[in-house]
Every structure is written in structure tokens, then in C-alpha cells.
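Biologist: I would be grateful for a close look at a single part of this model, namely one of its sheets and whatever packs on that sheet. Please describe how the strands are arranged.

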Amino acid sequence: MSENFHPVVTNQFVKIILPIAIPKAYTYYIPTELQGKIKKGVRVEVQFGKNRVYAGLVLEMASEAEKDTKPKPIISVIDDEPIVNEKQLQLWQWIAEYYACTIGEVMNAALPANLKLASETRILLSPVFDNNFDGLDDKEYMIAEALSIQNELSIEDVRKILEQKTVYPLINRLLEKRIVYVKEEIKTKYKPKKITCVRFAEPYASDSNTLQAAFDQCTRSTRQVEAIMAYIQLARNQEFVRKQEIYKAANVDSSVINALVKKKIFETYDKEVSRIDSYKDELSEAHELTEQQTKAIASIDTQFQEKNVVLLHGVTGSGKTRVYTELIQKTIKEGGQVLYLLPEIALTTQIINRLKVIFGDAISVYHSRLNNNERVDLWKAVLAEKSVVLGARSSLFLPYKNLQLIIIDEEHDASYKQYDPAPRYNARDAAIYYAHLTGAKVLLGTATPSLESYQNARSNKYGLVEMKERFGGMQLPEIVVVDKREELKKQTMQSHFTSVLIAELKQALENGEQVILFQNRRGYSPTMQCPDCGWHSECRNCDVSMTYHKYYGNLQCHYCGSQQNIPKECPACGSRSLNLKGYGTEKIEDELKLIFPDAQIGRMDFDTVKTKHAHARIINDFEEKRIDILVGTQMVTKGLDFDNVSIVGILSADQQLQFPDFRAGERSFQLFTQVSGRAGRKKKRGKVILQAFDVNHAVIKEVIENAYTNFFNREIFERKTFGYPPYSRLIKITLKHKKPASLNKGTQVLSDFLKAKLGSRVIGPAVPYVSRVRTYYLMDIMLKLERKVNVISHTKKLIQEATYLMQKTPDCSQVRVSVNVDPY
């Protein structure tokens, strides 16, 4: 592609969002042949830099270019119609501005991978090459020969031919020898799903009277007759008939269909279909509303007339999902779209099954475990005004045309916050802003509201509806706190289980009931240690201990993913008496099998749910009582509803409470209350066994009494006293570099600049809890700001200035800076 600037033949320009981290949208001009084809929200092919081609998105039209710039032309228009709408673009711009990132980073997060076109380098045989292979080494010869056969190769093709990853040096040699040249083209990743279908060929398709002639041709083949009959039957009730359906209905194989095609009775064709699963079972009505649910819905409707956001505070098991269902049905009847947000993919499995029975194909699920083609199909379905989408935070970015209701279930959950990479947005807060743009209403639902949301409700900014009773008159579970210190003194503990918990587990198993055990640490043991010299297994890339995983038989780092073999002896002193310290879910599972050999033990953590359908399989096994005891991390705490669970065990309450974070108390209260809510849902009152060393901790007492108001009043007083959110805004700046000296120098420059402008609002710099991750050393600076829009906006500009100044400092140009607004 030519690097020369093309003379502008029109005064029309466009600002294009590129899927890269550049500060603003880039201006291009519209060549004459593309006049009238450019619309806001369509993708266009543009050149950026010397030889990179991107699929950018049209942000806005412009009458002129910026001064002293020479815009390049748009190469081509990819879409006939916009793939994003005006409101989405406004949301993207707000996220970029509020969360201090670039709009290109928001675009990257928002669009499915297959709608982001990749610039892929391809090489072609040079026209000056005369097929003289002399002077080429073996690998160069292989590529030149392949090109003489295939005309052009992608970089991936070259890797496959050579069976090696690094190919750029070799390609560079071929370029220098004038054997190949480079072609730059855009490759569309999305491929529509196509199925092979069958239909009657002419004249049978248009004239049914001629079918007898078709049957006459098949008098010698009963299977061919059966295939024709099966097709006729299937075609009566559906728009198209798949090959596979005939195979199944007539009990025939491909040879029969091929024979009918050869006789020109059938013809086959490819049809593009959606990858979104369809619901084929009968639909059913939702169960009748209770008095409490009826009152809650009436109150929500009333408050929605004055407030755009309503907080539904209902105890665990109060029937909030049934309230959501009623509101969804009402919105669908009015022709609107509904977004139902959940914090975890794990929650979608149970809830989607419930809602599918009521809404059928009107509802679809969207989350990160969908493959790229499935995501594009759902994107298109939402563009076509799909009624209900249930999903994790990324579903906020879908192209809704008539969004009227957003339900944010478990609104308190930290999983709504995106940490890395940018944009580091909170889906709950972004959804509230999006609702403001679209005119939609927002319902926040939870048993344990975040302090911010409850404070907004108390100050009358949000509406508040409370559901204080469990569905069906069920009692809240009894919570028993067991003192681990006392049990250790009396030597009554069995491994990591107190005698009280063991006794309750035995009783539950004898009664045919199920148990959930919560331990918020995966793996077998968090560290391996030498008792003689104190050595412990540490990651070579991060300043953290390597976790022992028994299933894999190795040590793993939970930060960078690196793995190491288990040492046979201490690397420091040679001692062979290495010990495992601490315990995770894998060890709990292992020890339960020894204590209860007849029980079926299951585990639900990151290691067991990596595949697309793993969540559903584990949940289904537990629902079908194929698992007696389910051990899990916080995945088991979130909104799951099991009929037969009588006991919930929290193995180490102190671990959560003692975490060095101002939200430790809030997170602990929420976690303990949520996991307790899994006990005793339908048949009888459940029991929660909470093991702790500090049994008199205020949070534990508030959990026992289910005293959210007491907890809120105490916690909000502490936040106000020390100036933490919601009475302030936090911005966390993390700097990283592979060399400590460069990092320290850059951190000093940046913090000095900010302190000169912001004074005591700047806290730090400080070495974080984990000071090195993926070979990068880290430093943190925290900004504690007043809740004033002008102060926060000004501070973000100062951060940009400070970053620019720091990266211009010698030895600091490669120091990376990440800005995390509202880092909680």
C-alpha cells in the first residue's frame, strides 16, 4: 500500500475508533467512491502506521481535519448497516473518560473477537524470482517451493510448514534476497454457521402431483422411499429440513440421500443458521406470586415512576428471581428488551434453565465461555431485538435497540469489576449510566447490598424495596460458631475440621442430605516449605508462593500460570523433609474422602470449571444428588439454589476477615451471609457451621444475627471517620517495570508531580502485597479524592500529564502505568 498522501478530493472526514490504545479517535477522509456509504457505527478498513491495516469503527463525521495533519483515505467499508448504535458509542466514550482509558480499549472489550478484523501479513512469490533455488538453506527452500505451488502464504501457514513459532527472521532473509514480497490484507474471522439441508428438486418442489414419479423411481429401494416420506413429514412442520434429521427420522445414512440426489429427486444446499441454542421443550407458567412478592412488585412499579434505580433488598431464599420474572414478562409484553446481569458464569447455568422454561427462545445467555462465532450470532440476534439477554458483565456491550429494563442480580458482587486489561470498569455502575442514556429502569437485587447502593437508597437517590421473609415460610439457617482455638487446645480437631462440623456432616449424610463446604483457596496446599532452613516454593516470575496441585502433581503460580515439578529435596539445604503448609479446596476434597469413604465428594473451583459446560455438569450432578458433599471457593456462594442442602460449613472465617483491605469486613459479611443462604432452602431449617479463631469479631456476630442494618451503621461510621468510599473516591495507580531501579525512578517522578498538585490526597508510593508479577516489579500510588466532579476530572488530566512527564524521563520510557478508578 502506498505511503504517499492522497490529495483530498472532498471536505468530508470521519473520526475512526481503532482497536488499539491511542489517546483519541483518528481522522480519515472519505474518498469519492465511498461517498454516501459511510455511516456512524459501521466498520471501515483503514491504514494506521506504515503497514498495519485495521477495522476501525466510525465514531462521527467531521467537516474538517485537525490542523497540521494529513488524513489518509478510508480503504473500504466493511458493513452495510451499523453494528453499534449511538447510545453504545456514548457509553464507550463515558467508560473511556470515567475509567481513564482509551476508547480503543473499550472497543476491544465491547466487540466480539470475530467482529474485530485482524491485519494479517501474507507473503507472495516475487515476480523477479526466476525459480533459481541456489543459495537457499533448507527452510528457505521449503517456503519458496510452497509459494511456487500456493501463490501466497500467511504467517501462520509458514509456521505450520516449518513446524516452528519464530519465522520472522527467515521471512526477512527471503525479503532481502528478493524472493518474496509482503502483502497486507484484512482477514475476516467470523464464519457463519452453515448446515447441509435437503429439499425436493424440480419439478417435485413446485408440483406435488409429480411426486408419484419420484416414488416410481425408488420402487426397488425401501430405504429411499422411507427417506422421501420422512422428508415430506418433516417439511410440513418446519421451514427447512437438515440432512441429519432425515437420517434420524428414516434411519438411513448418507448413501441413501446421495442416491436420491443422483436421481435428481433431492437436492442439497447450505443454509446459514444461528449458533444460539433453541428451546424445544414445552413452556410453563411461573408459579403463583406470594403476598410478599406481589407487594414487592407493586412497590417497584410505584418507585420506578419517580426513580430510575430501585434496590431490592431481599434475604437469601426470599424469591427475588420470581419478582425478576414478573418484571421481565411485563417488559416483553410492552415490546422492550431486558438485560439480566449476573456476576458469574456459574450462576447462569441454574437461572437460565429456570427462565428458559418460562420464556423459551426469547431469552439467550452471553458470557466469556461462548466461542467467538456464538458471540457474533448473539450480537446479531440482539440487533434484531432479541427480548431478553442473561449474562455476565460483557453482555452490557451488546447492541440493544429498545432496552427498557436492566436487572443487576447480586449487585454487591466484586466480579462486576473488570481489573485487567483496561477498561477497568464496574458493570453495575456502567449499566446505571447506560440506563440513563437509554431511558431504561434499573433493578439492583441482593441479600447483602454494597454500602454504596444502600447509602444511595437511604439518601433517597435510589428507591428501596425489602423482602424480609424466605419463600414458603422457610426459616433462615441457624448459624453455629465453633472456636478453632479451643478445639486445638482440646485436640478434638480432625485435620481442618472441628468436631462439631464432623458430627454435623455425619448426621447429614445419614439423613440422605447434602452439604456445601466453603474454602476460598483453590489447590491442595498454598506453599511447600523446608522445616530445616525455611526455604519455601516461590514462583520465579512473581513474588508469591507456588501452590501445590495434587491432581496435576506439580507446583503452580496462581498469578502467572507457570508450573514447576515438585523438588525431591530442598534446593537450598538438600533436606528431604519438605512439608506442605495450609490447605485449599483440593486438600479438603482429598481428606473428606478419607473421613467419609462412602460419600460422593465433588469440587467446584477454577480448576474444575475451565471447560464450557463444566459448571453445568457439576451443578446438575449436585441437583441430581450424585454428589453428597460439594467443596468450593466463592463460586458456591452466589445465588445457587439446591433443595436438599442441610449443612453449610465455612472452614476458615478468619482468612477472609484478616485480609488487608478496607472492604474486608464488607466482603466477609456478604460472603458469609451468601454461603449461609445455601442451607435449608425447601424442606427444613438449615444449619451453618462457621469455624473461626476470633469468634467475637463484630462481623461474625452480625452474620449470626442477620443484622445487616447494624453492620451497615457500624461500617458506614468507620468509612466516614477515615474518609473511605462512599465518602471519597479512590484512584489506584500501578507502575510496573522489569528493573527495580527504573521503576523506583519513574514512581518517584510521577508521585512528586502529583503531590505537588494534589498534596495530601496522594498516598504512597508503596510496595503492594504482591510486589512482582510476571517478571514485572510493581509500585502502587493511591489517590483519595473528594466526591466532586471537577476534582476527579482534573485529577485524571493530571495523571495523564504525570505519566507523560515520567515516560520522558531517562530510563523510564518503558515504565507501564495502569489507572484503576474505583478499585474495589
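Modeller: What follows is a description of one sheet, its edges, one of its strand pairs and the helices that pack on it. The model is predicted.

Strands of a sheet pair through backbone hydrogen bonds, either parallel or antiparallel. The sheet chosen here is open and consists of six strands, and its pairing is mixed. Read across the sheet, the strands follow the order β5-β2-β1-β4-β3-β6. At the edges lie β5, residues 72-73, and β6, residues 76-77. Each of these edge strands pairs on one side only.

Within this order, β3 and β4 deserve attention as a pair. Strand β3 covers residues 43-48 and strand β4 covers residues 52-62. The two strands are antiparallel, and six bridges connect them. One position in this pairing may be used as a point of orientation: V46 has Y54 of β4 as its bridge partner.

Strand β4 also takes part in the packing of helices on the sheet. Helix α1, formed by residues 86-98, packs on the sheet and touches both β4 and β1, the latter being residues 13-17. The direction of α1 makes an angle of about 105° with that of β4. Helix α2, residues 103-110, likewise packs on the sheet, where β1 and β4 are the strands touched. For α2, the angle between its direction and that of β4 is about 110°. In summary, β4 is bridged to β3 and is touched by α1 and by α2.

Key: Residues are numbered from 1 along each chain as its sequence is written. This is a predicted model: local features need pLDDT of at least 70, side-chain atom pairs count only at pLDDT 80 or more; totals for chains, interfaces and linings use all residues. Side-chain values use heavy atoms; hydrogens and water are left out. Two strands pair if DSSP finds at least two bridges between them. Helices (H or I, at least four residues) and strands (E, at least two) are DSSP runs, numbered from the N terminus. Contact means heavy atoms within 4.5 Å. Axes are lines fitted to C-alpha atoms, for helices over the stretch in contact, and angles run from 0 to 180 degrees between N-to-C directions.
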